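Here are my notes on this one, in the order I'd go through them at your desk. Have the viewer open while you read.

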Amino acid sequence: MTQAKEHPMDERIAPLFSPFALHSLRLANRIVMAPMTRGFSPQGVPGADVADYYSRRADTGLIITEGVGVDHPAALGGSGVDGDNAPHMYGKAALSGWRAVIDAVHAAGGVIMPQLWHQGVMREMGTGPHPDTESVRPSGVWGPLDRTAMVSPDYIERVAAKPGRAMTDSEVGDVIEGFARSARWAMEAGFDGIAIHGAHGYMVDNFLWEGTNGRTDRWGGDHKGRTAFAAALVRAVRREIGPDPVINFRFSQWKQQDVRARLADTPRQLEEVLGPIADAGVDIFDGSQRYFDKPEFEGSPLNLAGWAKKLTGKASQTVGGVGLSSGVYDSKKTGGSDAARDNVHRVAERLARGEFDLVGVGRAIMHDPHWTRRIREGEDLLPFDENSRLVLT
Ligand SMILES: Cc1cc2nc3c(=O)[nH]c(=O)nc-3n(C[C@H](O)[C@H](O)[C@H](O)COP(=O)(O)O)c2cc1C
């Protein structure tokens, strides 16, 4: 701290270190650790190593945890990339594990929200905490099979066909209530808000995307009709946690089933998607992109988070390649990524212009617990190595 005073902060990064307040949420800076699945919670229970991992990163304004399975038997399993040993947000042992994580993060001065997760169509049958439970899918389908997917052909072959039946109305309600219960337990455990995984081809996104939702009942239809599930889910979570805690909702155009998928081709369509979800009670939209500096629609430099803020009037959060030269999909293919401080300056410029309110940083912070300090103090940033991600602490 004294060091920061002796060396005035580089003004190019200063916007990242301004405080943020929304309802009772108070963040010391605008940097958010993006949710990243790790698989370090055997039987779904986060232990002392998980508490250490997050508390070491407590100087980021907000930590959003890895995806945490909600209270529904088909929420978790193998999902092509991740899922084994993913934590739960239900059951005595897991909730008590989370209390210890929260205490450790708070003691280190941090703020933390869990990302509530249901894998939906991505869950592999016969795996996870309830292997005998059938997976649930809005329309029975995994998605179109002729696209560039982010998961392996082996996994797709194992998973795509089953179950080929659509969810019943009561199954839809069960998933929604599973999210609501887990949100309540999370707040009772002491989390500082709730993040909902509505992106990347998992359950909530399965309802939003035409590639996985061909329903013609109240849970499907056009862009707006396909938001009914997300809106009902957010309302149910809000009902359980009350008016104050912040709800952060992640959405994306891309899906693991199709890297080039789009939920919305125009701002108008995006408004139809996000409007009902905003009205249901979301406070922050987390627009997940692979590269934050990619304009979302022709004719404007705004990115996905920029449009979410403009169209809904809610706060928003960007993400995608901050501090690194290649995005999450590209670095997987090449084994890593160089550090890139220049794009941290660019994201800070956009933040200062008010395009969005918060800046998500994924791999860079996963790889380096001191990333936020390095940015603040002007220290060299580390390159990212894909191979080390599963042993990081
Ligand atoms: C190992 C790994 C696990 C991830 N797990 C999740 C997850 O559980 N939930 C989620 O919404 N995004 C997940 N993501 C995506 C990140 O939150 C983030 O959006 C992405 O890595 C882009 O940010 P970055 O370029 O700063 O890494 C994951 C990414 C990585 C690399």
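1. Charges first. There are 45 positive and 51 negative side chains in the protein chain, and the centres of the two sets sit 2 Å apart. Keep in mind throughout that this is a predicted model.

2. Overall size next. How does the radius of gyration of the protein chain agree with that of a compact globule? For 393 residues a compact globule would come out near 21 Å, and the protein chain has 20 Å, so the two agree. Along the principal axes, the C-alpha trace spans about 65 × 50 × 45 Å.

3. On to surface and burial. About 15,100 Å² of the protein chain is accessible, and carbon and sulfur atoms account for 50% of that surface. Of the 393 residues, 60% count as buried.

4. Secondary structure and contacts. I have 13 helices and 12 strands for the protein chain. Take the contacts between residues at least 6 apart in sequence: 75% of them join residues at least 24 apart.

5. Strand 6 deserves a careful look. How many of the residues of strand 6 are buried? The count is 5 of 5, so strand 6 is mostly covered. Gly193, Ala195 and His197 point one way from the strand, while Ile194 and Ile196 point the other way, and all of them are buried.

6. Now the partners of strand 6. Strand 5 (residues 112-117) pairs with strand 6 in the parallel sense, over 2 bridges. In that pairing, Leu116 stands opposite Ile196. Strand 7 (residues 246-252) also runs parallel to strand 6, and 5 bridges join them. There, His197 has Arg250 of strand 7 as its bridge partner.

7. Just past strand 6 is a backbone angle to check. His200 is in the loop between strand 6 (193-197) and helix 6 (203-208). Its phi is near 65°, a positive value in a residue other than glycine. Is His200 buried or exposed? The relative accessibility of His200 is 9%, under the 20% cut-off, so His200 counts as buried.

8. Another histidine goes on the same checklist. Phi of His23 is near 50°, again positive in a residue other than glycine. His23 is placed in the loop between strand 1 (20-22) and strand 2 (25-27). At 39% relative accessibility it falls between the 20% and 50% cut-offs, so His23 counts as partly exposed.

9. One for your omega filter. The peptide bond from Lys162 to Pro163 is cis, with omega near -10°. Where is Pro163 found? Pro163 is in the loop between helix 4 (153-159) and helix 5 (169-189).

10. Last, a residue in helix 4. Ile156 belongs to that helix, and its relative accessibility is 17%, which is under 20%, so Ile156 counts as buried. Leaving out residues up to four places away in sequence, Ile156 touches Trp142, Leu145, Ala149 and Val151. As for a longer reach, Ile156 and His367 are 211 residues apart in sequence and 29 Å apart in space, C-alpha to C-alpha.

Note on methods:
Residues numbered from 1 in each chain as written. Predicted model: local features only at pLDDT ≥ 70, side-chain atom pairs only at ≥ 80, totals over all residues. Heavy atoms only, no water. Helix = DSSP H or I, 4+ residues; strand = E, 2+ residues; numbered from the N terminus. Rg over C-alpha atoms; globule rule 2.2 N^0.38 Å. Buried < 20%, exposed > 50% of the residue type's maximum accessible area, 1.4 Å probe, protein only. Contact = heavy atoms within 4.5 Å. Areas by Shrake-Rupley, 256 points an atom, 1.4 Å probe, with all protein chains shown as cover. Lys, Arg positive; Asp, Glu negative; His and termini not counted. Charge placed at Lys NZ, Arg CZ, Asp CG, Glu CD. Pairing = 2+ DSSP bridges.
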